[in-house]
Amino acid sequence: MRLSEQDQFLSYNGEVLIFQLSKPKHAEEADDKTVNLCVRRMAFNRDTKLFVQKSSGVFSMGANHSKIEIICCSCTTDSRTGIILPCILMKKKNQSNVKYFSLLLHSSNQFEPSFHFKLDYELKEDVRLFAGPSLLWRHAKKLFYISSNTCVVQSAPVQLSSVVWTGEIVGEGTVFLGIRAACLPETEDPDGFPVSDRAIWGSEFFGYAIQTQKTLTGTCFMPHAYSRVVSSVYVCKSERLKKHLRISLVAITHKNQLIWFQNGVPKGVCELPYEKPCSVKPALTSSNDLLFAVSFPSGNSCVVQRRDGLQVASKWEKVKCVLVDDFIGSGSEQLLLLFKDDSNTDVLSTFKITDLGEVNYASGINYKQDVPAAEGLQENGLLTVRALETRLQAGWTSIRELQQHLGVQKRVILESCRALVDLVEERTHILPNAKEVKYRRSLLNSAKPFEGLVSLWDDAENPPDSLSKKTSLASEVPESFTEELWQRVVGDSLVVGVKLTESFYLSLSDVSLSLVMDQNFSSISPIIKCQSKVINLNKDFSALAVSSSQIEPSPKKMKLDLHGKNDLKKEFPERSSRIQLDGAKTVTAVTSLSPLLAFHRVCCVVLLHARKQNHQNDSSQQSKKITVLCGKILLSLEDISNGRYSIKMLRDNSYCAGSLEDILAVLAASVRFSFRIVSCDFTLTPVSSWLLGEMECTPFKECQDNIFCHKAGNVHGTIFNWALKNPFEGVLTIFCRNLTVLFQCLHSLTRVLPPSCGVKLLRSGSKGVLTEQLALALEKEMLTLKNSLFLKETKAENSLTWGNEPGKKINNAPLASLLDTEEGVQQFRKKLQKEREESVQSMNQTMNGALYQKIALKIAEAQLSSDMIVWRLV
């Protein structure tokens, strides 16, 4: 059967329906009084890769010298049964009027008349079939519609210039989206300055629900600014969340663009390759890719892919029609492109089926020679893709579970931080009991369960003694353990210092500070990330040392709760502990300032953490962790702006006048680098001249070996310490803010040093001292291993029963006398068997968890100490 220009194509349940008008074949009936509407159902055959006819049907109509045409066809819902059926709109025109009628096509290929009406004009603008079946059209800027339920033409009380979409909206029924002249409210003056975008553009979008006769706001679809350019729209998804309408749609414009809108906001745009796009159809492929097939009146088509953004994936020319359906029966949608072919007028002679992925069939290709191979390759590719999709879904499930787990961890940490704040403030921290958590869960109507922290002992009024005891931290240390609490601002860093008394500091080790925000923040952790340093000064300020802040190499990072940690520290003291401890000792904490200023005003609790020396014989009781409340600091943006906590280093008669706290703050916020400078041919007098001249340094009044840099620029605020061992060798120590400042200082220094001079970066500790410490550390590691094994054997021997069982005695007669008699031989066998069992039992010794943990911690501590010394020595 040959095709004509009036033939209509429609996809339905994977089949292609072809509607054609024809005259009866019998000559006696060819009197212009009867016209047949024929339908042919075509299905794709995967064996031959061709479309074959499954069935056909005919509907005869009386012409009576009238001209009959097919206006349009679409798949609509039958309101009587809820089944989607093909619907065809027909036109019968005579001299007096125009009659329109619709037909429903059933699975038996029988046509059923649905509704009909007469008009004195022809339908030309925005003719659309929708559920019912119903018909909607626009004429003279008015909207008309008719349904099979009423069979009466009705008019909507709206004025509009075009209809861009008709379909179903959740909770509203059938809705059409149109464009009309802007209807300004009374508060807006059309002659004055416009206050809305619809007033600016002069037109607006609006939605109209036909069943409820309600007007919807057009901004939930797209902004009014697009009303001048949008020609067609397809709503992909609509839903309601808390009475708010959320819509995802795609629109094509007169500017040759395709735009994706999400909840009224444009999310992506794509330039189309041809002009004047007229329609758009979506397709969801097997790889979950969303494709948009755009048709043009020139006979061209293109496909826009929405994966990493809207982009044109493919384009074709001389396309007669584009259909979307599951034509090959794979469970997903494909595109069917019917091409114009003047040489071959057979039905579906030139076509292409594709999803821009694994499915790709085209006419004119001989598949019969390699049908099994091609079919097998297609099936294998499909199975592989589905397996990969399953793995991807499993991966997303794991990610969601991990996110939920991280959320639980965050809530546990926040609740623990609140408990810590309540502890240092001597307040009682109350956890929600199990009943409160269950009540909260009952209030939530969500699929995600409520997760809370509950006390393990629930509502017990008298918890166990070990849990109800609240140790007074202040009673474990002297009342006057701190002399001063201060704070300074150095650049973008906040430095908090605590000056300790001499007697208190000498009884501590592993001293550090932590800052806890006193406010109740529910979304962030109240613990402030900071870095602690210990600065030791002797009484005459002739020596200055800062505790090493070098970071342990990442492969060796461990966090151990060791009891005997001070054994190695007494044998291998650090550089800072070798300074004579007869003066003030200050512990500092450095943290970033800008995150705190975001709260405008912050109150922080300062806690000191240390190990208190008990000097007992048992190593497990040698040190005890303590946490001491040092006080509170108040930080506000107003104080920072007024320079209340800024450091003040001024020149005073060739000296640097600065308070001790200012000096300590600069040292704490700086990074320390030491360099050994050796010159074989010339003395190192240019170094002093460079410091006092080019770098504009002035010494501190109390300690002239440490000098402060007043030079403008990044190097301002750098502290130098120049120590000459002899005229040809010295050590230069630089306290700078960052590596950029360090490189600037070294670049300036190398220009004044002799060419043969050597500069080498020094690590903490000299090579000779570190070598001696390494030997002692390895010796202690061996002793720890030996003592641990000996302890294991001792504990095992005490836990086993050796020798004979009580009440049973074995005669210790000589071996010869035992073997003389049969009774003696039996007794000897029993004794030998007993010894064998004891031997096997001694080889299968067990150990309790506490003993194993203690041994493992001691061994790990010894190995970690020796590894750290090796790292510093290399």
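This is a dialogue about how to read the chain shown above, which is a predicted model.

Colleague: Before we look at single residues, how many helices and strands are there in the chain, and what share of its residues is buried?

Modeller: The chain holds 15 helices and 45 strands, and buried residues make up 41% of its 874 residues. The accessible surface comes to about 49,200 Å², of which 52% belongs to carbon and sulfur atoms. Among the contacts with a separation of 6 or more, 54% are between residues 24 or more positions apart.

Colleague: How should I read burial for one residue, and is Leu37, for instance, buried or exposed?

Modeller: A residue counts as buried when its relative accessible area is under 20%. Leu37, which has its place in strand S3 (residues 34–45), has 0% relative accessibility and therefore counts as buried. Leaving aside neighbours within four places in sequence, Leu37 is in contact with a set of residues that includes Phe19, Leu21, Val58, Phe59, Met61, Ile70, Met90, Leu103 and Phe111. The C-alpha atoms of Leu37 and Met61 are separated by 7.6 Å, although these two residues are 24 residues apart along the chain.

Colleague: What does Thr76 touch, once residues up to four places away are not counted?

Modeller: Thr76, found in strand S5 (residues 67–77), touches Ile83, Ile84, Leu85, Cys87, Leu104, Leu129, Phe130, Ala131 and Pro133. At 3% relative accessibility, Thr76 also counts as buried.

Colleague: Can the reading of burial be carried over to a whole element, and why is helix H9 described as largely enclosed?

Modeller: For an element one asks how its residues score, and in helix H9 (residues 660–669) nine of the 10 residues are buried, so the helix is largely enclosed by the rest of the structure. The buried residues of H9 include Glu661, Asp662, Ile663 and Leu664.

Colleague: Asp662 carries a charged side chain, so how should I read it there, and with which residue does Asp662 meet in a salt bridge?

Modeller: As a general idea, side chains of opposite charge can pair when their charged atoms come close. Here the side chains of Asp662 and Arg488 meet in a salt bridge, at 2.7 Å from N to O. The pair links distant parts of the chain, with Asp662 in helix H9 and Arg488 in strand S29 (residues 482–490), 174 residues apart. Asp662 is buried, with a relative accessible area of 6%, and Arg488, at 17%, counts as buried too.

Colleague: How many salt bridges does the structure hold, and where do Lys93 and Glu122 lie?

Modeller: The structure holds 18 salt bridges. In one of them, Lys93 pairs with Glu122, the closest N and O atoms being 2.5 Å apart. Lys93 lies in strand S6 (residues 84–93) and Glu122 in the loop between S8 and strand S9 (125–130), so the pair ties together parts that are 29 residues apart in sequence. Lys93 is partly exposed, with a relative accessible area of 35%, and Glu122 is partly exposed as well, at 24%.

Colleague: What about the salt bridge of Arg751 with Glu694: how far apart are the closest N and O atoms?

Modeller: They are 3.1 Å apart. Arg751 lies in the loop between helix H11 (739–750) and strand S45 (758–762), and Glu694 in the loop between helix H10 (685–692) and strand S41 (697–699), so the pair ties together parts that are 57 residues apart in sequence. Arg751 is exposed, with a relative accessible area of 57%, whereas Glu694, at 30%, counts as partly exposed. Salt bridges that share partners also join Lys67, Glu69, Lys91, Lys93 and Glu122 into one network.

Colleague: Turning to the rings, how many aromatic pairs are there, and is the pair of Tyr100 and Phe117 stacked or tilted?

Modeller: The structure holds 15 aromatic pairs. The rings of Tyr100 and Phe117 have their centres 5.5 Å apart and their planes at 20°, so the pair is stacked. Tyr100 lies in strand S7 (residues 98–105) and Phe117 in strand S8 (residues 111–119), so the pair ties together parts that are 17 residues apart in sequence. Tyr100 and Phe117 are buried. The rings of Phe176 and Tyr208, by contrast, have their centres 5.6 Å apart and their planes at 50°, so that pair is tilted.

Conventions: Residues are numbered from 1 along each chain as its sequence is written. This is a predicted model: local features need pLDDT of at least 70, side-chain atom pairs count only at pLDDT 80 or more; totals for chains, interfaces and linings use all residues. Side-chain values use heavy atoms; hydrogens and water are left out. Buried means under 20% relative accessible area, exposed over 50%, partly exposed in between (1.4 Å probe, protein chains only). Helices (H or I, at least four residues) and strands (E, at least two) are DSSP runs, numbered from the N terminus. Rings of Phe, Tyr and Trp (its six-membered ring) pair if their centres lie within 6.5 Å; planes under 30 degrees apart count as stacked, over 60 as edge-to-face and the rest as tilted. Contact means heavy atoms within 4.5 Å. Accessible areas come from the Shrake-Rupley method with a 1.4 Å probe; for residues, only the protein chains shown count as cover. A salt bridge is a side-chain nitrogen of Lys or Arg within 4 Å of a carboxyl oxygen of Asp or Glu.
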